[in-house]
Amino acid sequence: MRLINKVGNWLDQRLQLGAPVRETMQHPIPRDTASWFYVFGSAAMTVFGLQLVTGILLALIYVPSAGEAWNSLQILNHQVSLGWFIRALHGWGSNFMLAIVLIHMVQVFLFGAYKFPRELTWLLGIFLLLMTLGMAFTGQVLRFDQDAYWGLGIGASICSRVPVLGPAMVTLLLGGPIIAGATLSRFFALHVFVIPCSLMLFVGLHLLLVLKLGINEWPVPGRLVRRSDYLEKYHALTRTEGVPFMPYGVWKDAVFSGLILLCIAACALYFGPFGPSGQPDPRVIQTAPRPDFFFLWLYALLSLLPPALETPVLLIGPVIALIVLLALPFLSGEGEKSWKRRPIAVLTVLLVAVALGTFTNLASHAPWSPVMDAWTGFPISSKFLSGRTPLQVQGALVFQSKQCHNCHALGENGGKRGPALDAVAVRLTGDQLVRQVLQGGGNMPAYGKNLNPAETAALVAFLQTLHPSGQAPAQDASHAAGVQP
Amino acid sequence: MSVPGGLSRRQMFLKIAMLFNGIVGVLLAIPIVGYLLAPVTRGRKSGYERWISLGPIDQFPSGQTRLATYHNPVTHASDGETADIPCWVRHTDGDHFQVFAINCAHLGCPVRWFPQSGLFLCPCHGGAYYADGARASGPPERGLFEYPFKILEGNLQIQAGQMPTPGLSAAKGTRRPPCA
């Protein structure tokens, strides 16, 4: 113990950091802010630390070369002792970091922390969010598998739609004419050098501002922020009810950070590392690329937007969102801080959360994608076949062999791109079915060139049998009128 | 040493030093920016596209659409399998071919050919195209990208080398003379 003290004193004589660090740790904070609501920022920083450590550990084995990256991940997963666990920690750490950064952002937004004088802290926070998203995307690319390869193609296709500069931006993004070695190298440079260094710089500034300006006080309804007297009131608050950050606030930060690290380790242990999926070989086209969890909402949005709206929304949407986030502290830098008197703020958070949650949920089962192997993999249930005439059974064969099943569900299984056909005969008459099959329409391709008259007749005969037993099939009113004048 | 209302000697030295460093900075910035923009300038100068052979035309029976692959003309040693690019070759009849890019015209995912229904389907966002590459349904705003082709000494050749994207295709469209 005495030796440690001696070494400590020797170092402090030279570095002279002891006093300022002690002073910083014991700076007074308002009593209310030593709260479990104020632990997310420090937790995000702790997870960032975990990412730095596990990232360096992965870099000991990982080879940033398009020809080798996938193999080096296999070596990490299967040959290097505990390599799989470090990969899993890094992957789950990334998910947790993004989640905590988002929760932290929601908390400071609802607590009005972006208002005077903490505008710059908020602005730096927005850039920290963008960089965290950047780390997640570039990290997904470094897991150089099929999803990464085609994900880059999606990124390039979006980039290319920028007016005039688009194609040049794609070439810069890819580092050449195609997704290849140069692409992986530049994403490696971004993920390992450029973004982490900027993150560290911005985290430092973000933290410095928290220390210089003081942590945002617990919002009390009716206690309005005014530029004229806020600082005075805040300092009075820390003077009268202030407590030292160490130990009042810091123990909760430490407990929560530890808990989060434990959760990450538990997820890593239980669920294991993410991928890699198939090799990044563009010749293997039997693949259905999916983005990582935090980009699933975007995948859903790209599927559901009307084609004509897609490019404007993709190019203008992010710019507007960024402007709104950056302008927020300047548009509402004063006034009420408490979420209890800011219903629009609360509703905005709820709306964004529900929208992102819904899109993410939709993307996890992707009803817009055809099920590519339904026509060979999913049989037609016998209840749709028993008691049918030979022509109708022939129609069921046409349904299967012409891949109708890839987009249309029948019973439990099949694609969801088009409507389920269990009761199609109730909705459409025979003539309408013929027209729909041959000419398509309503987002269905026309099959006129790919079905001969016999196949069409059989298919429609089968489709006309698809109605619940208690419901009669649709009938053409004019035909009925012709029979019974 | 300060001169009232003017520059002191030291202040002037500082300004000269800053100016000097500014000039050095600009001089260094030129090669750095040039290096960073190299992929674009290289593409502008010599172009990334070349005529590449997909093999003898009898590999592609008339009336069928088949998957072919080619080695990208501009590659590096570290590219691995990413340098081998697939494409769909449709031989209508005689000397008439259509060579489609593998990339969906929506966002670049690999489209698959289903000869039974005569459709190209995209697994990502559900784009569908007819046998001739025309848009059938889904989010794509246009048909499949096509490579220019020619037949040389019994071999099918295509002009390729750059990943087709909606923006690139539109930019090329504006550069192409109206008669082409």
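**Notebook: sheets, helix packing and the A–B contact**

I began with chain B and found an open sheet of four strands, ordered β5-β6-β7-β8, with antiparallel pairing. In this sheet β5(B) and β8(B) are the edge strands; each has a single partner, so one side of each is left without a neighbour. I noted the twist as well: it averages 35° from one strand to the next. The model is a predicted one, and I read every entry below with that in mind.

I then looked at the pairing of β5(B) with β6(B). Three bridges join these two antiparallel strands. Arg112(B) stands opposite Leu121(B) of β6(B).

**Second sheet of chain B**

I moved on to the other open sheet. It also has four strands, in the order β2-β3-β4-β9 (chain B), and its pairing is antiparallel. Which strands stand at the edges here? They are β2(B) and β9(B), the latter spanning 146-147; each has a single partner strand, so one side of each lacks a neighbour in the sheet.

I followed β3(B) through its two pairings. On one side, seven bridges join β3(B) to β2(B), residues 65-71, and the two run antiparallel. I picked out two of the partners. Leu67(B) is bridged to Trp88(B) in β3(B). Tyr70(B) has Ile85(B) of β3(B) as its bridge partner.

On the other side, β3(B) is joined by six bridges to β4(B), residues 96-101, again antiparallel. Arg90(B) pairs here with Gln98(B) in β4(B). I checked the turn between them. β3(B) and β4(B) make a hairpin with two residues between the strands, and Gly94(B) in that turn has a positive phi of about 55°.

**A further hairpin**

I looked next at β10(B), residues 149-152, and β11(B), residues 155-160. They pair in the antiparallel sense over four bridges. Leu152(B) has Asn155(B) in β11(B) as its bridge partner. How many residues lie between the two strands of this hairpin? There are two, and one residue in the turn, Glu153(B), has a positive phi of about 50°.

**Where chain B touches chain A**

I turned to the contact between the chains. On the chain B side 50 residues take part, and they meet 54 residues of chain A. I listed the chain B elements that give two or more residues: α2 (38-46), β3 (84-93), β5 (112-114), β6 (119-121), β7 (128-130), β8 (135-137) and α3 (166-175). Which of them gives the most? It is α3(B), with four residues. By class, this side of chain B has 24 nonpolar, 21 polar and five charged residues.

I compared this list with my first sheet. Its strands are β5, β6, β7 and β8 of chain B, and each of these names appears among the elements touching chain A. From the second sheet, β3(B) is listed too.

**Helix packing in chain A**

I took α5(A), residues 83-110, as the next item and examined two of its neighbours.

The first was α12(A), residues 250-271. The two helices pack at an angle of about 130°, with axes 8 Å apart. That value makes α5(A) oblique to α12(A). The crossing is right-handed. I noted who makes the contact. From α5(A) come Phe85(A), Ala88(A), Leu89(A), Trp92(A), Gly93(A), Phe96(A) and Ile100(A); from α12(A) come Ile260(A), Cys263(A), Ile264(A), Ala265(A), Cys267(A) and Ala268(A). Of these residues 12 are nonpolar, one is polar and none is charged.

The second was α3(A), residues 40-59. It packs on α5(A) at about 155°, with the axes 9 Å apart. Roughly antiparallel or oblique? The angle makes α3(A) roughly antiparallel to α5(A). This crossing is left-handed. The contact of α3(A) with α5(A) divides into 15 nonpolar, nine polar and one charged residue.

**Domains**

I closed with the domain assignments. Chain A is given domain 1 (26-365) and domain 2 (374-476). Their C-alpha centres lie 46 Å apart. Chain B is divided into domain 1 (9-36) and domain 2 (49-175). The C-alpha centres of these two domains of chain B are separated by 50 Å.

Notes: Residues numbered from 1 in each chain as written. Chains lettered and ligands numbered in written order. Predicted model: local features only at pLDDT ≥ 70, side-chain atom pairs only at ≥ 80, totals over all residues. Axes fitted to C-alpha atoms, helices over the stretch in contact; angles between N-to-C directions. Parallel < 35°, antiparallel > 145°, perpendicular 65-115°, else oblique. Left-handed = near helix turned anticlockwise from the far one by under 90°. Contact = placed C-beta atoms within 7 Å. Nonpolar A, V, L, I, M, F, W, Y, C, P; charged D, E, K, R; others polar. Domains from an automatic or database assignment. Pairing = 2+ DSSP bridges.
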